[in-house]
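Reader: I'm new to looking at protein structures, and helix packing confuses me. Could you take one place where helices meet and walk me through it slowly?

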Amino acid sequence: MIQQLLAIWHRLTALVRRRRLERDLDDEVAFHLAMREADYRRAGFSDAGARDEARRRFGNVTYLKEQTRDMWIFPSFESLRQDVRYALRTLRKSPGFTLVAVFALAVGIGGNTAIFSLMDAVRLQALPYQNPDRLMVLWGNVVRTKVERRGASYPDYLDWKAQATTFDGMAAYDNFSAILALGDEPERITVEMVSPQYFPLLGVNAAHGRTFLEEEDGAANTNAFLLGDALWKRRFGGDPQVVGRAVRLGARSFTIVGVMPPGFKGLTDTAEGWMPFVTAAGGPSAVGERGSRGFQVLGRLKRGVAPAQAQADLDAVSRRLEAAYPDTNSKRAVEVSPLDAETFGPLRPALRTLMAAVIFVLLIACANVANLLIARSEARQREIALRTALGAGWPRLLRQLVTEGCVLTGLGAIVGVLLAQAAMRALVATSPVTFPSFVSPEVNLRVMLFTIAVSLAGGVLLGLAPAAHARIARLAEALKDSSRGSDGRRATRMRSALVVAEVSLAVVLLVGAGLMIRTVRNLMALHPGFDPSSVLSLRISIPRGAPPAAQSTAPPAAAPQTPPPLVASARVVLDRVKAIPGVASASLVSDVPLSGGGAAIFYTAEGQPPVDAQNVPRAYVHRVTPDFFATMRVPVKAGRSFNENEIAPDSTAVVVSERVVTRFWPGQDPIGKRIKQGGLTNKSPWLSIVGVVGEMKYRGLPDNPTPDPDLYFPFVDRAPQVSLVVRTSSPPASLAPSVRAAVRGVDSTITIFDVTPLDELVGQQTAQSRFTMWLMGIFAACALMLAVVGIYGVMSYLVTQRTREIGIRLALGAGGPDILRLVVGNGARMIGAGIAIGVAAAFALQRLVSTLLFGVTAADASSLFAVALLAAIALAACYLPALRATRVSPLNALRYE
Amino acid sequence: MGETRKPPAGELIPGTLDMLILKTLSRGSMHGYSIAQYIQEASRDVLKVEEGALYPALHRLEVRGLLKSEWGASDNNRRAKFYKLTALGRRELEEEAAYWSRVAAAVTRVMQTA
C-alpha cells in the first residue's frame with residue numbers, strides 16, 4: 001500500500017520534473033559508459049575499441065533509456081497528453097462548434113461555480129470567530145399557544161451561566177442606537193451592550209487598547225467604551241492615541257478603552273461601538289428584574305459537547321428556575337441554537353434550491369453539447385473507421401471521446417469561472433438579501449475543486465453520449481435492418497432522448513421559476529393592512545436640554561430619574577413637516593411598521609373570565625397622533641381615531657385593532673368597552689375604546705410572527721426617539737431632503753435617521769423570495785434558451801437526414817402541409833414526452849422547495865403557463881426546419897442519391 | 001533497433017536482479033557502475049548483468065521507494081548518481097532473501113534426489 005502510494009507520488013512529481021529526470025538519466029548512463037570505457041582502455045583497448053566494447057556491454061542505450069523513463073511515468077499519462085493534443089487540434093479545426101459548445105458549458109459551469117461559492121461563503125467555518133462550531137445563541141423562550149422566542153433576563157442569564165455545566169462561558173448581548181456627540185456633527189451609531197466575556201468567547205481581541213474587564217461591567221464610575229474600526233477611522237482619523245480619551249454618547253460620558261479590529265461588527269453585524277452590558281443598562285439596579293426579558297445570550301460549548309447535550313443541560317436549569325421562581329419563570333425554557341444557523345439560516349434553503357437549479361442548467365448544456373458532438377461524430381465516421389482499422393480498440397476510442405469531452409468542459413470551466421467571478425460580485429452587490437458583511441464569495445480552493453469535479457463529470461457525460469450513440473449505430477448496422485428509415489431512426493434515438501431530457505429539465509426549471517414568481521407576486525399582493533406606497537418613514541432623536549448628566553438615548557432598561565426637558569417638541573416637528581408642500585398628511589408614531597420596534601404588553605378586558613397563563617391577552621402597543629390611520633390608510637372599522645384633546649399623557653382613550661373585538665366582544669358594539677394594562681388587579685387605569693381599526697401586518701410579512709392584536713395609545717410628547725410617517729403626493733424619496741430640512745429647522749441638534757420609503761421596508765420583507773425568484777428566473781431563461789437551441793439543432797439535422805424521404809413524398813404528391821405535419825409532429829412527440837416527464841418531476845420536487853413558497857403549489861396556473869411557453873417556443877424551433885423541408889425540391893433530393 | 005537483446009551467457013534467473021541490487025546496496029551507497037562490477041565480481045564472473053538492464057531496475061526500485069538516490073562525486077571525481085537502501089528496501093531485501101533461500105534449497109533438494 002505504502003509502496004503504491006509512494007510510486008504514485010514519485011510518478012506525479014516526475015511529471016513535473018520531467019526535463020531534469022531526462023538529463024539525469026543521460027548523465028547517469030554517460031557516467032557508466034565512461035567508467036567502462038576507462039576499464040577497457042586500461043586493459044589495452046584502443047580508444048575506439050574501448051568505446052565500442054563499453055557500448056556493447058551496456059546494450060541498446062536508447063531502448064534502455066526509454067525503459068528507464070517508463071519507470072517514472074504513467075504510460076497512460078503519456079497517451080493522455082496525446083489525446084488532449086489531438087482533441088485540441090480537432091476543436092481548432094471547427095471553431096464555430098467549439099465556440100458554441102464552450103459558451104454553453106461556460107454558462108452551466110459558471111453558474112454552478114457562482115452558486116457553489118455562495119454556498120461555500122455561508123458555511124459554518126465562514127463565521128469569523130474561533131471554533132465557530134461551538135458558538136451557540138441562547139434564546140429565552142416562552143411556551144404560549146406555540147413556543148415563542150423572547151429573550152433572557154439578566155437574573156436568568158446569571159443563573160444559566162452559574163448552573164449550566166456544558167458551557168465554557170456565556171455572555172449577554174443586545175444592541176441599541178445611540179447618538180455619538182462629536183464636534184458639530186452628532187451621529188447615530190449602533191452600539192452593542194455586551195458582557196465582558198463576549199470578546200474572549202468569540203475569540204476576537206482589540207486591535208488597540210483592550211476589551212472590557214470583568215469588574216468593569218456595571219461598576220459605578222467606569223464607563224468603558226470600545227470603538228469599531230470603521231467609526232475609529234471615520235471620526236477619529238485612525239489615531240491609536242484615542243485610547244483613554246473621553247467620548248459622549250447621548251448625555252453620558254464614556255472612556256475609550258480600545259479599538260476593535262477591521263471587519264468586526266459584532267453579532268448584530270452593524271455595531272460600531274460596544275459598552276459593558278450592565279453599565280449600558282444603567283447599573284445593576286436596572287437589570288435586577290427577572291421578568292424583564294429581551295436580550296440574547298452567546299454561549300461557547302465545552303470541547304466535545306454536542307448542542308443536544310447543552311440543550312438537555314439548560315432544560316434542567318430552566319426546570320429548576322421554573323420551580324424556584326414560578327411567578328416569572330413558569331413556561332419558560334431556553335433554546336440552544338447554533339450561531340451559524342442563526343446567521344446563515346434563512347439563506348441556506350434558497351441557495352440549495354438554486355444549486356439544484358443550476359445543476360439542471362448544466363445538464364441541459366451538456367445534453368446540447370452532447371448532441372453537437374454526436375452530429376460531429378457522424379461526420380467523423382470515416383475518421384473513426386480509419387482509426388479502428390489502424391487498431392485503435394474500443395476502449396481507446398472511448399478514452400479519446402471522453403478526453404474530448406473533458407477538454408471542452410475544461411475550456412468551459414475556464415470561461416465559466418471568469419463569468420462566475422463577475423457574476424458573484426454583481427450578485428452580492430445587487431442582491432435584495434443582505435448577506436452578512438463578512439461574507440465574500442470567492443473562487444477559493446474548495447470552489448476550484450468543485451468546479452474541476454463538475455467539469456470532469458460533465459466531460460465524461462459528454463464523451464459517453466457519442467460513444468453510446470456510436471454503439472447503437474453499430475448495433476443497427478450489425479442487425480442489418482432492412483429499411484433505411486428505421487435504421488436512421490435507431491441512430492437518432494440517442495439524440496431524441498437527449499432532447500427529451502433537455503425539455504424535461506427545462507420544464508422543471510420553468511415551473512420552479514413560475515412558482516417563485518407567483519410566490520413573490522403573492523407576497524407583494526398581500527395586503528399588509530396599510531398602504532405603503534407614497535409613505536416616507538423616518539426616525540428622529542431629540543436631545544435633551546442642558547445636562548445634569550443623564551442619558552438622552554435610552555438603552556433599553558435605562559431609567560434616568562429626572563430627565564431634563566427635550567430641546568424641542570416632537571409635535572412642533574410634526575407641524576413643520578405637515579407644512580411642507582407635497583406632504584398630504586403626517587403622523588408621529590412610536591415605531592414604524594416593519595421596522596422591528598414595538599413592545600408587547602399583557603392586558604385585561606373588562607368583564608371577561610380569567611384565562612390560564614398561556615392565553616393571557618397580549619398586544620403590541622404603539623403611540624400615535626390622530627392622523628396616523630389616515631396617513632397609513634388603515635381602515636377605521638368602528639368609532640373614530642383620537643381627537644386632538646386625547647393626545648395627552650392622562651388620556652384614557654384607546655384605539656384597538658379588530659382582533660381585540662373579535663376575541664372579547666364579538667357581535668357587540670365595542671365603543672366604550674374598557675381594557676387595562678396588566679392583570680385585573682393592576683393599578684393602571686381603565687382605558688375606553690374610542691375606535692376599532694383593521695389589523696395591520698405591523699411586525700412582519702407575510703404575517704405577524706404572533707397573532708397578537710395592536711393597541712394604539714395617544715402619542716405622548718416625552719420620548720426622545722420618535723418616528724414619523726409622512727404621506728406624500730410625489731415620490732416619497734424625493735421629499736426626503738425637504739423633510740430633513742424642516743426637522744433641522746426646528747432644532748439643528750436633532751438627529752435624523754432611517755429615512756426610508758415604506759415600500760422599501762415592505763420590499764425587505766420579501767427580499768429572500770425575490771432573490772430566489774430572480775436567480776431562478778435567470779436559470780430558467782438559460783435553460784429555455786439552451787433547450788430551444790438543442791431542439792432546433794436536432795430538428796434541422798433530422799430534416800437533412802430525411803431529405804431523400806421528403807423528396808420522394810413530395811414527388812408522390814404530398815403537399816407542403818403534409819410535410820410540415822410530418823416534421824413538426826416528429827418534434828412535437830419529443831417535446832410532449834419531455835413535458836410529461838418534466839411536469840411529473842416538478843410535482844415530485846416541489847416538496848423540497850415548499851419552505852420557499854408562499855401560497856402556491858405546482859398545480860398552479862403559472863406552471864401551465866410555463867409549460868405552454870416552453871411548448872410554444874419549442875414548436876417554433878421545430879417549425880423553421882419543417883418549413884425548410886417543404887421547400888425541398890423533389891428533383892434535387894432524388895438526384896442527391 | 002539493430003541489436004536484439006539476446007540473453008548473455010550468465011543470464012540471471014528472471015526476477016533475481018532486484019534482489020541482487022538490494023543485496024549489493026546493503027553494503028552501503030553505490031553508483032550503478034560499481035553495482036554491476038560488484039555483482040559480477042562477487043559471483044566470480046558467473047553472473048554477468050547486462051549493464052544497461054541495471055538502470056530500468058534501479059529506477060523501478062527507486063519509484064517503489066526501496067532505494068534512495070543522491071548525486072555525488074565518484075572516486076575519480078565525476079558526477080555520479082549514488083543509490084542507497086531505504087528502510088522499506090531493507091525489509092524487502094529480508095523478505096526476498098528468505099524466500100530465495102527457501103526456494104533455492106528446495107530446488108537443490110529436488111535436483112539432488114532425482
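Author: Let's take one helix pair in chain B, then set it beside a pair and some other spots in chain A. Keep in mind that this is a predicted model.

First, get your bearings in chain B. This chain is 114 residues long, and 32% of them count as buried. You'll find 4 helices and 3 strands in it. Starting at the N terminus, the order is α-β-α-α-β-β-α. As for how far along the chain its contacts reach, take those between residues at least 6 apart in sequence: 50% of them join residues at least 24 apart.

Now zoom in on the pair. Two packed helices are described by the angle between their axes and the distance between the axes. Here the partners are α1(B), residues 16-25, and α4(B), residues 87-113; their axes are 9 Å apart and the angle is about 120 degrees. That angle is why α1(B) is called oblique to α4(B), since roughly perpendicular stops at 115 and roughly antiparallel needs an angle over 145. The crossing of α1(B) past α4(B) is left-handed.

Which residues do the touching? From α1(B) come Met19(B), Leu22(B) and Lys23(B), and across from them in α4(B) sit Gly89(B), Glu92(B), Leu93(B), Glu96(B), Ala97(B) and Trp100(B). Sort the residues of this contact by class and you get 5 nonpolar, 1 polar and 3 charged.

For a second example, hop over to chain A. Helix α7(A), residues 154-163, packs on α11(A), residues 307-324, at about 130 degrees, with the axes 10 Å apart. That makes this pair oblique too, but the crossing of α7(A) and α11(A) is right-handed. On the α7(A) side, Asp156(A), Asp159(A), Trp160(A) and Gln163(A) make the contact, and on the α11(A) side it's Leu314(A), Val317(A), Arg320(A) and Leu321(A). By class, that contact holds 4 nonpolar, 1 polar and 3 charged residues.

While you're in chain A, have a look at what is buried. In soluble globular proteins, nonpolar side chains tend to be buried together. The largest nonpolar core here has 106 residues, and the ones touching the most other members are Val361(A), Val369(A), Ala506(A), Leu509(A) and Ala783(A). Pick out Leu509(A): skipping its neighbours within four places in sequence, Leu509(A) is in contact with Ala357(A), Phe360(A), Phe779(A), Ala780(A) and Ala783(A). Another core lies apart from that one, with 61 residues, including Ala164(A), Leu227(A), Ile256(A) and Val336(A).

For contrast, try Glu214(A), in the loop between β5 (208-209) and β6 (224-227) of chain A. Glu214(A) counts as exposed because just 9 other C-beta atoms lie within 10 Å, and exposed means 12 or fewer. Its C-alpha atom is 5.5 Å from that of Pro196(A), though the two residues are 18 apart along the chain.

Last stop: two backbone oddities. Most residues other than glycine have a negative phi. Arg633(A), however, has a positive phi, near 55 degrees, and belongs to the loop between α20 (628-632) and β16 (636-639) of chain A. Asp754(A) has a positive phi as well, near 50 degrees, but its place is in strand β22, residues 751-757 of chain A. Arg633(A) counts as partly exposed because it has 16 C-beta neighbours inside 10 Å, and Asp754(A), with 14, is partly exposed too.

Key:
Residues numbered from 1 in each chain as written. Chains lettered and ligands numbered in written order. Predicted model: local features only at pLDDT ≥ 70, side-chain atom pairs only at ≥ 80, totals over all residues. Helix = DSSP H or I, 4+ residues; strand = E, 2+ residues; numbered from the N terminus. Buried ≥ 20, exposed ≤ 12 C-beta atoms within 10 Å, placed from the backbone. Core = buried A, V, L, I, M, F, W, Y, C linked by C-beta atoms within 7 Å. Contact = placed C-beta atoms within 7 Å. Axes fitted to C-alpha atoms, helices over the stretch in contact; angles between N-to-C directions. Parallel < 35°, antiparallel > 145°, perpendicular 65-115°, else oblique. Left-handed = near helix turned anticlockwise from the far one by under 90°. Nonpolar A, V, L, I, M, F, W, Y, C, P; charged D, E, K, R; others polar.
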